[in-house]
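Thanks for coming. I will go through one structure today, one part at a time. Please keep the picture in view while I talk.

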Amino acid sequence: MSDDVNGPDARTRLLDAAVRAFAARGFHGTTTRDIAAAAGMSPAALYVHHRSKEELLHQISLAGHQRALELCEAAVAGAQSPRDQLVALVRDFVRHHALNHTVGRIVNYELAGLTAEHRAEIEKMRRRMDAIVRDLVRRGVEAGVFHTPEPAITGAAVLSLGIDVSRWFDSQGGWSPDQVAEHYCELVLRMVGANGSSAS
């Protein structure tokens, strides 16, 4: 067991170890000793970089949500029509959650392990993503390119579909992240009542 706690990669090793441990045991089933052992360090070494396992969960959750929010914002900024924006958003959001499915499960399904302050910070980003998608569907309905009687509910469902990919995706399951992303684009276009395929 190495106690190279000041090495340049020690912090990264601990974060990676926390991801593996949380994924295997859940946040509440994981101890700081589990994380340190997975990183090849002594239990005391963890506290050189992190005050608690909750701080590790917060850092993992913060980075994951920041990246997901960036993808949503970039999709809306990078295309003109609501249809093209939605296709870009779904494609990138779903692909991201498939590629990073292990982290995605922790980021989205271990929120109860965060402190009230940290959870409020994460929830703010989640509300921002929700607002982006709901507004996108609403604009599509107003432009006459989407046809759904409940834009807000449909928008919430679109986001939920993408997030849930991290729960079930298996890299050994026979589908690539790109295949899943393209199929989800087709599903979402049907959900919002848009005509044509995602490639058109």
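Start with helix α4, which has 25 residues. From its first C-alpha to its last, α4 reaches 36 Å, close to the 36 Å expected at 1.5 Å a residue. Keep in mind that this is a predicted model. At the N-terminal end of α4 there is a cap, and the capping residue is Ser52. A side-chain oxygen of Ser52 lies 3.3 Å from the backbone nitrogen of Glu54.

Further along, look at Ser61, which also sits in α4. Is Ser61 buried or exposed? Its relative accessibility is 1%, so Ser61 counts as buried. What does Ser61 touch, if we ignore residues up to four places away in sequence? The answer is Val107, Leu114 and Ile122.

Now the core. In soluble globular proteins, nonpolar side chains tend to be buried together. Here the largest nonpolar core has 53 residues. The residues with the most contacts inside that core are Phe22, Ile35, Leu86, Leu89, Val90 and Phe93. Several helices each give at least two residues to this core, among them α1 (10-25), α5 (82-99) and α7 (116-142). Which helix gives the largest share? That is α4, with 8 residues.

Take one residue from that list, Ile35. Leaving out its neighbours within four places in sequence, Ile35 is in contact with Leu14, Ala17, Ala18, Ala21 and Phe22. The contacts of Ile35 also include Thr30, Leu46, Lys53 and Leu56.

Next, cysteines. A disulfide is a covalent bond between the sulfur atoms of two cysteines. How many disulfides does the structure hold? The count is 0. For Cys72, the nearest cysteine sulfur is that of Cys185, and it is 13 Å away. Why does that rule out a disulfide here? Because the two sulfur atoms would have to be within 2.5 Å of each other, and the sulfur of Cys185 is 13 Å from that of Cys72. Cys72 is buried, with a relative accessible area of 1%. Cys185 is buried too, with a relative accessible area of 2%.

On to charged side chains. The count comes to 12 salt bridges. I will describe three of them, then a network.

In the first example, Arg128 pairs with Glu73, and the closest N and O atoms are 4.0 Å apart. Arg128 lies in helix α7 and Glu73 in helix α4, so this salt bridge ties together parts that are 55 residues apart in sequence. Arg128 is partly exposed, with a relative accessible area of 43%. Glu73 is partly exposed as well, at 36%.

In the second example, Arg95 forms a salt bridge with Asp178, and here the closest N and O atoms are 2.6 Å apart. This pair links distant parts of the chain, with Arg95 in helix α5 and Asp178 in helix α9, 83 residues apart. Are these two buried or partly exposed? Arg95 has 36% relative accessibility, so Arg95 counts as partly exposed. Asp178 has 43%, so Asp178 counts as partly exposed.

The third example stays inside one helix. Arg119 and Glu123 meet through their side chains in a salt bridge, at 3.4 Å from N to O. An α-helix has 3.6 residues a turn, so residues three or four places apart point the same way. Arg119 and Glu123 are 4 residues apart in helix α7, so about one helical turn separates them. Arg119 is partly exposed, with a relative accessible area of 34%, and Glu123 is partly exposed at 22%.

Then the network: Asp135, Arg138, Arg139 and Glu142 are joined into one by salt bridges that share partners.

I will finish on one member of that network, Arg139, which is found in helix α7. Arg139 is partly exposed, with a relative accessible area of 24%. Apart from its neighbours within four places in sequence, what is Arg139 in contact with? Those residues are Val76, Pro82 and Gln85. The C-alpha atoms of Arg139 and Ser81 are separated by 9.3 Å, while the two residues are 58 residues apart along the chain.

Terms used: Residues numbered from 1 in each chain as written. Predicted model: local features only at pLDDT ≥ 70, side-chain atom pairs only at ≥ 80, totals over all residues. Heavy atoms only, no water. Core = buried A, V, L, I, M, F, W, Y, C linked by side-chain atoms within 4.5 Å. Buried < 20%, exposed > 50% of the residue type's maximum accessible area, 1.4 Å probe, protein only. Contact = heavy atoms within 4.5 Å. Expected span 1.5 Å × (residues − 1). Polar contact = N/O pair within 3.5 Å; in protein donor to acceptor, adjacent residues only side chain to side chain.
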